[in-house]
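Please take a moment with the sequence and the model below before reading on. The paragraphs that follow start at the ligand and then move outward through strands, helices and loops.

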Amino acid sequence: MTAAIDETFSSLKGRFRGDLLRPHDEAYAQAHGIWNAMAARKPGLIARCADVADVQSAVLAAAAAGVLTAVRCGGHSLAGFSTCDGGLVIDLSRMRQVSVDREARRGHFAGGCLLGSIDKATQKHGLVFPSGVVSHTGAAGLVLGGGFGWLTRLHGLSCDNVEGFTLVAADGSVVHANAKQNAELFWALRGGGGNFGVVTEFEVKLHPVTSVALCQAICFGDDISSLVRHWRSFMPEAPDQLKWNLNLRIAPSTDDIPAHLRGRPVASESILWIGDPEQGRPYLDHVLSFCKPVAVTRKVVSYLALQTMADDEFPHGRRYYTKSGYFKALDDNSIEQMVQALSTVPSPETQIELAYLGGAPARVAPAETAFGDRSSPFVLNLLANWQDASDDAANVAWIRNLFQALRPSMTPGVYVNFMSGDEDDRVPEAYRERWDRLVEVKSHYDPNNFFRLNQNIPPRKTSGKK
Ligand SMILES: Cc1cc2nc3c(=O)[nH]c(=O)nc-3n(C[C@H](O)[C@H](O)[C@H](O)COP(=O)(O)OP(=O)(O)OC[C@H]3O[C@@H](n4cnc5c(N)ncnc54)[C@H](O)[C@@H]3O)c2cc1C
């Protein structure tokens with residue numbers, strides 16, 4: 001790999017406008033890390049692109065030299081796909097331009113944007129692009145896998161709000177994909193992840209939202225199970241403007257948590273109303289009437305405050321491991337298993353995250369995009385979060401055991417962006433009836449599987465480079 005990396009470097013040197021960083025360069029130390037310390041690797045070269053021409057050069061040089069290549073936007077891949085040992089990282093972090101057409105409610109953003117870069121630019125016009133819940137997440141990885149967050153039930157998945165992509169394909173060409181041009185690629189890019197090329201620009205729909213009504217509360221003891229059961233029954237009938245997320249976890253020792261609950265298992269709930277707060281008030285009152293919530297806060301918050309409120313809970317450089325899946329219906333036994341598991345959780349930062357989709361994403365026909373599953377509304381994400389490498393085995397085992405116990409009650413399927421790096425075998429499960437069509441598109445645009453550091457859809461034929 002060293003000779004191939006040297007060849008790639010030599011080929012790019014002189015014409016590359018961005019930064020070429022090798023392990024001995026000072027800036028490499030800052031540039032090589034990604035969010036999940038469990039997935040730390042040491043690439044041989046980081047090509048931090050300044051523009052589309054740089055992306056083309058990097059793809060062509062790496063393909064010619066046969067170098068393993070990762071593509072990085074925000075570096076939040078839980079599986080660590082945006083880095084590699086000894087190979088090349090095409091780093092898009094210098095490409096974070098956003099433009100907004102307020103009248104048309106349309107925007108363009110570059111392939112290296114973080115969610116926060118988009119939120120800040122669109123909020124200047126009172127508009128939003130529906131995305132995820134942590135502002136330091138990369139937009140490209142999130143959108144290409146699907147993308148859900150606070151606005152999903154009202155405005156759809158992130159990928160449902162994309163009208164066009166510009167990408168650099170494996171042969172170095174610039175390709176546009178939208179409903180009229182390269183329509184199969186357009187279909188595949190909405191959920192199929194980073195399999196088809198480096199997306200350098202997204203053209204998206206925007207929506208007017210500047211603030212939301214937000215309630216937060218916690219329940220404890222026997223109320224935890226009972227709250228999840230209420231949530232399960234209530235959400236299928238809830239209006240799209242209501243988003244109610246539950247996190248089962250150990251209560252942190254922070255000022256907002258009553259002293260007697262710190263360190264104890266709790267259900268932490270965030271209930272959001274998007275729209276006129278007065279119209280939402282009866283719904284929020286109703287949700288808060290379930291069980292006996294404590295530490296209740298109710299406020300109207302700006303969209304930017306909403307989008308950054310979870311940022312500090314998921315810092316860069318900690319160790320994370322996840323397993324995820326869907327339920328069509330959430331049975332009492334599964335709820336009990338989740339609640340009971342809290343008594344043995346090795347890390348107080350670990351969370352059992354429950355979200356309910358339905359709403360706008362469920363009204364998009366399954367064949368309209370490549371996104372994996374729109375029919376199972378209950379999304380479960382088991383997210384272990386800890387500090388020390390010596391605790392890896394205990395944390396990974398806890399997630400695997402709980403997942404294995406819940407698996408028989410789950411619907412086949414998984415959201416690709418919540419998968420760990422040890423789940424290759426679940427990629428076909430994620431796409432199921434869309435798999436063959438995805439393989440077809442992959443075979444056309446990336447026949448040698450150059451873009452393979454991702455939740456990989458192998459092409460039908462490879463020419464020996466894999
Ligand atoms: C703290 C945190 C919060 C999250 N919250 C949410 C959430 O609210 N909703 C949600 O849906 N998901 C969420 N996720 C999951 C998230 O969608 C994935 O981790 C996603 O991969 C992050 O995108 P990224 O650009 O940072 O990824 P990176 O690590 O930069 O890249 C991951 C992969 O995406 C592909 N990729 C990246 N950029 C490009 C590009 N420009 N062109 C082509 N392919 C590219 C590549 O295959 C790459 O390997 C969260 C993850 C984290 C860590």
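**Around the ligand**

A backbone N or O atom of Gly111 lies 3.3 Å from a nitrogen atom of the ligand, which fits the cut-off for a polar contact, a pair of N or O atoms within 3.5 Å (within protein, one must be able to donate a hydrogen and the other to accept it, and residues adjacent in sequence count only if both atoms are side-chain atoms). Taken alone the ligand exposes 950 Å², and the protein buries 95% of that, with accessible areas coming from the Shrake-Rupley method with a 1.4 Å probe, where for residues only the protein chains shown count as cover. This is a predicted model, in which local features need pLDDT of at least 70 and side-chain atom pairs count only at pLDDT 80 or more, while totals for chains, interfaces and linings use all residues. Residues are numbered from 1 along each chain as its sequence is written, and side-chain values use heavy atoms, with hydrogens and water left out.

Two oxygen atoms of backbone-to-ligand pairs can be described in the following way: a backbone N or O atom of Gly74 lies 3.1 Å from an oxygen atom of the ligand, and a backbone N or O atom of Phe81 lies 3.5 Å from an oxygen atom of the ligand. The elements that give two or more residues to the shell around the ligand are strand E3 (69-72), helix H5 (139-145) and strand E10 (198-205), where helices (H or I, at least four residues) and strands (E, at least two) are DSSP runs numbered from the N terminus. Helix H5 gives the most to this shell, with four residues. Of the 33 residues around the ligand, Cys73, Gly75, Ser82, Phe148 and Tyr415 come nearest, a residue being near a molecule or strand if one of its heavy atoms lies within 4 Å of it. The residues of the shell divide into 17 nonpolar, 15 polar and one charged, with Ala, Val, Leu, Ile, Met, Phe, Trp, Tyr, Cys and Pro counted as nonpolar, Asp, Glu, Lys and Arg as charged, and the others, Gly among them, as polar.

Strand E10 leads on to its pairing with strand E6, since five bridges join E6 to E10 and the two run antiparallel; two strands pair if DSSP finds at least two bridges between them. Within this pairing, His108 stands opposite Glu203 in E10. Strand E6 (residues 106-110) also pairs with strand E5 (residues 98-101) in the antiparallel sense, over four bridges, and Val100 has Gly107 in E6 as its bridge partner. E5 and E6 form a hairpin with four residues between them, and Arg105 in the turn has a positive phi of about 50 degrees. Arg105 can also be set against Gly116, for the two are 11 residues apart in sequence and 18 Å apart in space, C-alpha to C-alpha. Gly116 is found in helix H4 (residues 115-123), and at 12% relative accessibility Gly116 counts as buried, a word that means under 20% relative accessible area, whereas exposed means over 50% and partly exposed lies in between (1.4 Å probe, protein chains only).

Strand E3, which also contributes to the shell around the ligand, belongs to an open sheet of four strands in the order E1-E2-E4-E3, with mixed pairing. Strand E1 (19-21) and E3 stand at the edges, each with a single partner strand, so one side of each is left without a neighbour in the sheet. Three bridges join E1 to strand E2 (residues 45-48), and these two strands run antiparallel; Leu20 has Ala47 in E2 as its bridge partner.

Further along the chain, is strand E17 (residues 351-356) largely enclosed or left open by the rest of the structure? Six of the six residues of E17 are buried, so the strand is largely enclosed by the rest of the structure. Gln351, Glu353 and Ala355 point one way from E17, while Ile352, Leu354 and Tyr356 point the other way, and all are buried. Strand E13 (residues 242-250) pairs with E17 in the antiparallel sense over four bridges, with Leu354 in E17 as the bridge partner of Leu246. Six bridges join E17 to strand E18 (residues 378-386), again running antiparallel, and the bridge partner of Ile352 in E18 is Leu382.

The loop between helix H12 (359-362) and E18 holds Asp373, which is buried with a relative accessible area of 3%. The side chain of Asp373 reaches the backbone nitrogen of Ser376 at 3.2 Å, and a polar contact of 2.7 Å joins the side chains of Asp373 and Arg432. Ala183, in helix H7 (residues 183-189), is instead partly exposed, with a relative accessible area of 37%. The C-alpha atoms of Ala183 and Gly164, 19 residues apart along the chain, are separated by 9.9 Å.
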